[in-house]
Amino acid sequence: MKEAQLKLFDDIPQLMLPADLMEYTRGFIETDFCDYCFHKFVNEMPWQQQKIMMYEKEVTAPRLSVWIGERTIRPDDKRTPLPWVPELLDIKEKVEAYTGTAFNGVLLNYYRDGNDSVAWHNDKDTIPGLKTEIASVSIGQERNFDFRNKANHKQQYSIKLEHGSLLLMKGDLQQSWEHRIAKSKTSMKGRINLTFRKVVV
Ligand SMILES: O=C(O)CCC(=O)C(=O)O
Ligand SMILES: [Fe+2]
């Protein structure tokens, strides 16, 4: 596969996957609105710390999350989906206009500080029936989003997800690549990630 290098900043080149797998747009959501949403969501969302299976053991997820949408995220997930809120509907409308995809749910992840993270995974395995396009909006603290090729872990990329940015994950990305948000040794403020999904099972 040919690797593309995009220059997103004047001085910081970031390595990216080809545009048919991944597309990054900075400043997709207006900064003031993101600031407003960040504080509102931190204070008002009924955040939960999920129990997840890791290497056949049940552990507490190192982040908080909330699932909002029209149906459960997957058959074994006992959470009742929460109803949409106006701010998320505004963002959803913008993301749908841009992508041409109708999403029926959004997973909110809240990384409270640098100790919060999500381990290597791909979304196709964890959410059966999920359509391949996932639209990920980031608000708050910039964090590194790492990718690695499932067949060759040395083939690894990292992209900084900025406040108000949109990352589209598409095509066969989930089949061939895993992603994570690693813990950080340097001090980090809070970050909320919204992954809009189209759940079809
Ligand atoms: O926080 C992120 O940017 C990614 C979250 C993620 O990978 C997931 O919810 O499946
Ligand atoms: Fe994911």
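## Overall picture

Among the contacts in the protein with a separation of 6 or more, 73% are between residues 24 or more positions apart. Keep in mind as you look around that this is a predicted model. The protein has 201 residues, and 32% of them are buried. Its secondary structure consists of 4 helices and 14 strands.

## The open sheet

A good place to start is the sheet of 6 strands, which is open and follows the order β3-β12-β9-β14-β7-β6, with antiparallel pairing. At its edges are β3 (22–25) and β6 (64–69), each of which pairs on one side only. From one strand to the next, the twist averages 15°.

Let us zoom in on the β3 edge. Here β3 is joined by 4 bridges to strand β12 (residues 165–169), and the two pair in the antiparallel sense. Within this pair, Tyr-24 stands opposite Leu-167 in β12.

## Helices on the sheet

Helix α1 (residues 31–44) packs on this sheet, where it touches β7, β9 (134–140) and β14. The direction of α1 makes about 90° with that of β9.

Helix α2 (residues 86–99) lies across β6, β7, β9, β12 and β14. Relative to β9, helix α2 runs at about 135°.

## A hairpin to look at

Strands β4 (residues 51–54) and β5 (residues 57–60) run antiparallel and are joined by 4 bridges. Together they form a hairpin, with 2 residues between the strands. One detail of the turn is worth a look: Tyr-55 has a positive phi of about 50°. Along the paired strands, Met-53 has Glu-58 in β5 as its bridge partner.

## Around ligand 1

Which residues surround ligand 1? The shell is made up of Leu-107, Asn-109, Val-118, Asp-123, Ser-136, Phe-145, Leu-161, His-179, Ile-181, Asn-193 and Thr-195. Two or more residues of this shell come from each of β7 (105–111), β13 (177–181) and β14 (191–197). Two of these elements, β7 and β14, also appear in the strand order of the open sheet, and helix α1 touches both β7 and β14.

In chemical character, the shell around ligand 1 divides into 5 nonpolar residues, 5 polar residues and 1 charged residue.

Key
Residues are numbered from 1 along each chain as its sequence is written. Chains are lettered from A and ligands numbered from 1 in the order in which they are written. This is a predicted model: local features need pLDDT of at least 70, side-chain atom pairs count only at pLDDT 80 or more; totals for chains, interfaces and linings use all residues. A residue is near a molecule or strand if its C-beta atom, placed from the backbone, lies within 6 Å of it. Ala, Val, Leu, Ile, Met, Phe, Trp, Tyr, Cys and Pro count as nonpolar, Asp, Glu, Lys and Arg as charged, and the others, Gly among them, as polar. Two strands pair if DSSP finds at least two bridges between them. Axes are lines fitted to C-alpha atoms, for helices over the stretch in contact, and angles run from 0 to 180 degrees between N-to-C directions. Two residues are in contact if their C-beta atoms, placed from the backbone, lie within 7 Å. A residue is buried if 20 or more other C-beta atoms lie within 10 Å of its own, exposed if 12 or fewer, and partly exposed in between; C-beta atoms are placed from the backbone.
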